[in-house]
Amino acid sequence: MTVPFLSFAPQHEPIREEVMAALGQVYDAQWYVLGQHVRDFEAAYSTFSGSRYSIGVANGLDALHLSLVALGIGPGDEVIVPSNTYIATWLAISYVGATPVPVEPDPATYNIDPGRIEAAITPRTKAIMPVHLYGQACEMTAIMEIAGRHNLFVVEDNAQSQGATADGGVTGSFGHANGTSFYPGKNLGALGDAGAVTTNDEALAKKIQTLRNYGSQQKYYNEVIGYNSRLDELHAAVLQVKLQYLPEWTRQRQQVARWYDEHLQGIGDLQLPVTVEGSTHVYHLYVVRTTQRDALQQHLTSAGIGTLIHYPVPPHMQQAYAHMGIMKGAYPIAEDLANTSLSLPMWPGMTEEHVAAVVKGMQTYFR
């Protein structure tokens with residue numbers, strides 16, 4: 001049996017008629033930018049994410065960028081960020097002229113280690129940007145306590161963990177302003193690039209609403225220098241349909257993870273995902289670690305099993321950040337994760353037979 005890394009079919013085929021009807025409504029309404037579908041989805045996503053406000057924007061990177069702009073973070077400021085994350089988290093900080101200050105993760109959970117954050121705080125630190133990586137919520141109670149003691153903002157990167165919880169709160173509801181992505185491959189995906197900011201602060205919500213729309217609240221009247229970063233009506237209509245199914249899709253992801261957990265125990269030197277006490281995992285990705293990662297990936301590919309590496313190069317080792325002068329070895333946990341992590345197939349609709357095929361491929365390699 002071949003198993004793709006990702007398949008949309010089990011999600012999209014059952015809701016095809018609903019999605020097509022929603023797209024037809026947008027077409028017929030003849031209002032295509034910042035209309036009723038965006039407002040309806042923003043309201044629904046606010047409820048889902050446990051936040052008072054949700055502001056639809058063009059993509060997840062813009063969501064993080066506009067959050068930092070609205071918080072007044074800029075040149076000369078520092079933002080604490082995980083050393084292992086997708087580069088978009090760092091790019092948002094660079095966009096405002098601030099400096100990303102990496103902090104190593106907990107090697108068991110892959111999320112930023114709260115115990116390492118305070119050592120990285122300087123008089124220039126203005127914010128902490130935790131990333132709920134791979135679907136697991138960060139230890140937000142500890143992070144918010146640190147931020148409170150040092151009078152820092154918190155901006156959650158919630159692109160991979162919609163619906164995960166930390167100590168009973170939903171990711172995207174803890175920070176001052178938080179960004180999420182609806183890129184198609186995310187747990188809640190649009191049909192192209194899309195994103196949102198969540199916040200409980202009315203003043204921040206209004207700032208971000210203004211910033212996303214050319215700096216304007218009223219057409220042709222521009223209060224500030226803004227951006228063109230608006231969630232499309234078509235994407236909002238699709239997301240509104242899909243949001244209804246997200247809890248069930250999450251349940252299916254968690255079941256797939258339980259099958260993996262059960263059947264991958266004791267195989268080779270595999271290190272399986274660990275969920276920290278008090279947090280939940282919605283398994284955007286199921287990531288294992290092995291010192292034989294590259295050879296294992298080649299073996300699985302030859303067996304028809306799709307895998308990916310998230311992520312092969314940490315941000316501090318990317319050419320884009322060579323100007324920071326961070327030498328190889330400076331962040332050994334992030335670098336080790338980059339060299340040993342492998343993402344296995346994970347999508348709603350996967351069956352135990354799919355998982356068995358992946359497991360068989362792993363067993364065959366390690367034998």
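**Helices, a sheet and empty spaces**

Let me begin with two helices: where α3 passes α9, the crossing is left-handed. Before going on, I should say that this is a predicted model.

Two packed helices are described by the angle between their axes and by how far apart the axes lie. Here, helix α3 covers residues 36-49 and α9 covers residues 233-243. They pack at about 40°, and their axes are 8 Å apart. On the α3 side, the residues that meet α9 include Phe41, Ala44, Tyr45 and Phe48. On the α9 side, those that meet α3 include Ala236, Ala237, Leu239 and Leu243. What classes of residue make up this contact? There are 9 nonpolar, 3 polar and 2 charged.

Now to the sheet. Strands of a sheet pair through backbone hydrogen bonds, and they can run parallel or antiparallel. This one is an open sheet of 3 strands, ordered β1-β9-β8, with antiparallel pairing. Which strands sit at the edges? They are β1, residues 53-57, and β8, each of which pairs on one side only. On average, and ignoring direction, neighbouring strands in this sheet are turned by 25° against each other.

Take β8 and β9 as a worked case. Strand β9 spans residues 195-199, and 4 bridges join it to β8. In one of these strands, β9, you find Thr198, the bridge partner of Asn178.

Helices lie against this sheet too. Helix α3 comes back here: it lies across β1, β8 and β9, and runs at about 125° to β1. Helix α4 also packs on the sheet, where it touches β1, β8 and β9 and makes about 170° with the direction of β8.

Next, the empty space. Rolling a probe the size of a water molecule over the atoms shows where such space is left.

The largest pocket has a volume of about 680 Å³. Its lining has 32 residues, and those nearest the centre are Tyr86, Gln160, Tyr183, Lys186 and Tyr311. Helix α4 and strand β8, which we met at the sheet, each supply at least two lining residues, and so does α5. Which element gives the largest share? That is α5, with 4 residues. By class, the lining has 17 nonpolar, 11 polar and 4 charged residues.

The second largest pocket holds about 350 Å³. It is lined by 13 residues, with Leu34, Asn213, Ser216, Lys219 and Arg230 closest to its centre. Strand β10 gives the most to this lining, 3 residues. The classes here are 4 nonpolar, 6 polar and 3 charged.

Finally, the cavities. How many of 30 Å³ or more does a search of the whole structure find? It finds 4. The largest cavity has about 90 Å³ of space. Among its 13 lining residues, Asn84, Thr85, His310, Tyr311 and Ala334 are closest to the centre. You may recall Tyr311, which was also among the residues nearest the centre of the largest pocket. Helix α12, residues 332-340, gives the largest share of the cavity lining, 3 residues. That lining has 9 nonpolar and 4 polar residues, and no charged ones.

The second largest cavity has about 40 Å³. Residues lining it include Asp106, Asn111, Gln136, Cys138 and Val276. Its lining does include charged residues, 2 of them, along with 4 nonpolar and 3 polar.

Conventions. Residues are numbered from 1 along each chain as its sequence is written. This is a predicted model: local features need pLDDT of at least 70, side-chain atom pairs count only at pLDDT 80 or more; totals for chains, interfaces and linings use all residues. Side-chain values use heavy atoms; hydrogens and water are left out. On a 1 Å grid over the protein atoms alone, a cavity is a set of points where a 1.4 Å probe fits but cannot get out, and a pocket is an open set with protein on both sides within 12 Å along at least five of seven lines; lining residues have an atom within 4 Å of a point. Grid points are joined across faces, edges and corners, and a volume is the space filled by probe spheres set on the points. Ala, Val, Leu, Ile, Met, Phe, Trp, Tyr, Cys and Pro count as nonpolar, Asp, Glu, Lys and Arg as charged, and the others, Gly among them, as polar. Two strands pair if DSSP finds at least two bridges between them. Axes are lines fitted to C-alpha atoms, for helices over the stretch in contact, and angles run from 0 to 180 degrees between N-to-C directions. Contact means heavy atoms within 4.5 Å. A crossing is left-handed if the near helix is turned anticlockwise from the far one by less than a right angle, and right-handed if clockwise.
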